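Welcome to a short set of exercises with worked solutions. Keep the sequence and the 3D view open as you go.

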Amino acid sequence: MPVLAPAPQPTRRRAPSSIHRIGVEAARVAKRMRWGDPAAIILAVMIGAMMVFGRWVDDKLPAQWKTPYAAAPVIITTMVVFYLIAVLFFTWMDAVAAQHRGDESRYAPESASSSSSSHALTAMMRSWTRAQRPTTFTETLRTHGIRYALVAFGCWLPWIAVCWPGILRDDTVAQFIQSSGAAGYYTQHPILDTLIFGFFWWIGSLMGHTIWGAGIYVVVQAALMSLCVAMTLCYVRKLGAPRLLVGVLWAYYALDYVVVGSVPVMAKDSLNVIVLVPFMLICVEACLTRGRLLRRRPVWVAMLVLAALNIMTKRTGEVIVLVSFVAIVTVARGVRIRTLACLLAALIVVHGVWNPLSIRLTDAWDNPTRDLNGLIMQPVARIQHEDPRAITGRDRADLYGLMNLDTAGKIYNPRRSDEVSWTVRLDASAEQRRAALNAWLRLCLAHPIETIKAYGNIMLYWFNPDRGVFYGWNTDYVFDEGYMLRWEFYVSPPHSAAESVGIPLQRPAAEINAPKPWWVWVLGDAMRDRMNAPNGIASYAYYVTYIPLALLLYCVTRRRRLLLAAWMPLAGTVFVLYASPIVLPWYALPLFHVLPMFVGMLSGPESPRTSQSISQSRMN
């Protein structure tokens, strides 16, 4: 009988490793990317163009850094990085929009990948990157709001401790001089802000040191800012944003210096954040719902109050409010008259009630601003500085009616227009102003290159990543010799800067900073050097120009009309920055806090009634 050979044993197939599965999943994701996305390509090209333009107009950049060999590596690297980020993010948002529509044919995983998709890590990645079910704002705020706020506040505490009792902006010291009685009130700074700061200075004086009022204000402000963070994240979550996107925005609020560093700042700009965030939340939702949100009385009343407070706490807030209302009126249906009435009521409250009443109660001097005049006349000062002979006798005579042209040319500063503003004559008549504007127009047309460079140097850091955001970490700089001499001009006799500023603020602040351990000083200086480094992670251009531009291109290329209208309040904020007389972190501070809501709004459904699982997806 023949001997049968043993049956072959089945070989065990080795399960693919986790790294292999992740690699396979990454390859599938890369295959679904829209590498030819026109929005990403245009963004990269525009960033490169802005960086080239920035190096051309920069008067302070050494010539060797303007050569193609020196500029190309940095510019190309920045373009490639932003292109890749844009492709990844735009493809992700397209997939999220498809999931909201119920159409996932393009972005659904392949059926052959069942073994990989069953892997726990892969499944978790998909659950974190998928759109969530849209819900109501009230429900999200109730379930997640406290956690969002507490985590943000807890992450801010270490930096608050480093900067204790707070960081005073120079304008805040000027406002302190007013509220302390060392000088009269004036309207250059919002009176409401001055009165609020004065209340906290008064509390500090009751505690024995006026400077402690700044510490109390910082704690209150941090608590209110954390509530703003909670509202923003809850709104993004309410739209149905993926968990990963909500987590990234949460980490931005909790860890990014442009936000964390602003928390211990005592300034009118940080105060404005507290009313700007809820105002913009209402504006964005009103645009996305075609104005249906404003049919509810509590909402439009809140919008009226917040619009008025935005104008009262920051003068440039009026531009943002006007742009926001225009955006709502553009897409609203059935509530346009109510929206316009809300805007009109807010303007009446501010200009017809609050401004005259506050001036009368504080006996404030209504001093007109020079900033706009200085910004407009910046090219004239540059031409006078570079080549005085280029200005004809006629133009010179017309300009002298508005400004001291010789002084403007001598003290011309390419990075800011304040110096030119100081030479403007506030008593110039309407005819003299008209003649000076005509001379300005003739000079700009005759010298277009110098005009472009004059404005380009002022706005340089808004679009060219050569300077990072740094708020400081103590108040020493506002008490140095130069600033103390400046405060001497602010106080009214018989007061002096040493008495009015040095005793209540400078000395206590020095006593608080002196015992701080050495590592605090090292950390503060290291943060300053790191954040001010060119092309750093905290460069102004990334937040002020590149991200808003990316959002605009996404809305336009996807033809998302409602998103484009909701983007307009952000455009108003950016416009205000570009019209500023100088690049300062305080000016951009409110934008840093509202930017996440505009990034998060891309993850919502294309229509507010797309989801059938809830009866309404507007703010509840």
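Two residues are in contact when heavy atoms of theirs lie within 4.5 Å. Please bear in mind that the model is predicted.

**Exercise 1.** Find the helix that holds Ser324, decide whether Ser324 is buried or exposed, and list its contacts beyond four places in sequence.

*Solution.*
- Start with the helix: Ser324 belongs to α14, which covers residues 317–331.
- Next, take the cut-off: a residue is buried under 20% relative accessible area. Ser324 has 0% relative accessibility, so Ser324 is buried.
- Finally, set aside the neighbours within four places in sequence; Ser324 then touches Phe279, Cys283 and Pro569.

**Exercise 2.** Work through Trp300 in the same steps, and add its C-alpha separation from Thr339.

*Solution.*
- Trp300 sits in helix α13, residues 297–313.
- Partly exposed runs between the 20% and 50% cut-offs. Because its relative accessibility is 26%, Trp300 falls into the partly exposed class.
- With neighbours within four places in sequence left out, the contacts of Trp300 are Leu294, Arg338 and Cys342.
- Along the chain, Trp300 and Thr339 are 39 residues apart, and 8.0 Å separates their C-alpha atoms.

**Exercise 3.** Now describe the whole chain: how many helices and strands are there, and what percentage of the residues is buried?

*Solution.*
- The chain has 29 helices and two strands.
- Of its 620 residues, 54% are buried.
- For contacts between residues at least 6 apart in sequence, 80% link residues at least 24 apart.
- The accessible surface is about 28200 Å², and carbon and sulfur atoms account for 65% of this surface.

Note on methods. Residues numbered from 1 in each chain as written. Predicted model: local features only at pLDDT ≥ 70, side-chain atom pairs only at ≥ 80, totals over all residues. Heavy atoms only, no water. Buried < 20%, exposed > 50% of the residue type's maximum accessible area, 1.4 Å probe, protein only. Areas by Shrake-Rupley, 256 points an atom, 1.4 Å probe, with all protein chains shown as cover.
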